Amino acid sequence: MRGFTLIELMITVAIAAILVAIALPNYTEYVRRGARSEARAALLQAAQWMERAATARGTYPIETATDKEFPDGLKTTPSNRYDISLASADGRTFTLTAAPKGAQANDKCGSFTLTNTGVRGVTGVNETVQNCWNR
């Protein structure tokens, strides 16, 4: 009779496990990097909306507990891994923040920020702004 021995089968399983142990973290990081890119694009899109709104009315829209001017369509990324929020107290400045949630919550880049002057930032992590915004 011909067939596989238990040792041959266990060697095959061990090799497969090693490949999965290497591939899974790389794949997870690849997915997170794609979601970070999506968050940066969503922040830029929201900033463009803010500039168009400011051009039309003379001040930036504000977002308070009672006055919700920021559109719901801009409050999350398409993959739903980041929430976009607006901080604008006086209508002359704004700061947009993309906060990770769900599977993205432990991301190495944390939350992305973008101000009305175009200043880009990250909060809650030790990574540099350049590393997170450029990759």
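Is Asp72 buried or exposed? Asp72 counts as exposed, because its relative accessibility is 62% and the exposed class begins over 50%. This value, like the others in this report, comes from a predicted model.

**The sheet and the helix across it**

Four strands form an open sheet in the order E1-E2-E3-E4, and their pairing is antiparallel. Strand E1 (82-87) and strand E4 (120-123) stand at the edges; each has a single partner strand, so one side of each is left without a neighbour in the sheet. On average, neighbouring strands of this sheet are turned by 20° against each other, direction ignored.

Within the sheet, strand E2 (residues 95-100) pairs with strand E3 (residues 111-115) over four bridges in the antiparallel sense. Ala98 has Phe112 of E3 standing opposite. Helix H1 (residues 6-57) lies across E1, E2, E3 and E4, and runs at about 25° to E3.

**Salt bridges**

Side chains of opposite charge can pair when their charged atoms come close. The structure holds six salt bridges, including those in the table.

| Salt bridge | N to O distance |
|---|---|
| Glu29 and Lys108 | 3.9 Å |
| Asp107 and Arg36 | 2.6 Å |
| Asp72 and Lys75 | 3.4 Å |

The salt bridge between Glu29 and Lys108 links distant parts of the chain: Glu29 belongs to helix H1 and Lys108 to the loop between E2 and E3, 79 residues apart. Glu29 is partly exposed, with a relative accessible area of 28%. Lys108 also counts as partly exposed, because its relative accessibility is 43% and this class lies between 20% and 50%.

Asp107 and Arg36 meet through their side chains at 2.6 Å, N to O. This pair, too, links distant parts of the chain, with Asp107 in the loop between E2 and E3, Arg36 in helix H1, and their positions 71 residues apart. Both Asp107 and Arg36 are buried, which means that each has under 20% relative accessible area.

These residues are also joined beyond single pairs: Glu29, Arg36, Asp107 and Lys108 are linked in a network of salt bridges.

The salt bridge of Asp72 and Lys75 has an N to O distance of 3.4 Å. Its acidic partner, Asp72, is exposed at 62% relative accessibility, whereas Lys75 is partly exposed at 24%.

Technical notes
Residues are numbered from 1 along each chain as its sequence is written. This is a predicted model: local features need pLDDT of at least 70, side-chain atom pairs count only at pLDDT 80 or more; totals for chains, interfaces and linings use all residues. Side-chain values use heavy atoms; hydrogens and water are left out. Two strands pair if DSSP finds at least two bridges between them. Helices (H or I, at least four residues) and strands (E, at least two) are DSSP runs, numbered from the N terminus. Axes are lines fitted to C-alpha atoms, for helices over the stretch in contact, and angles run from 0 to 180 degrees between N-to-C directions. Contact means heavy atoms within 4.5 Å. A salt bridge is a side-chain nitrogen of Lys or Arg within 4 Å of a carboxyl oxygen of Asp or Glu. Buried means under 20% relative accessible area, exposed over 50%, partly exposed in between (1.4 Å probe, protein chains only).
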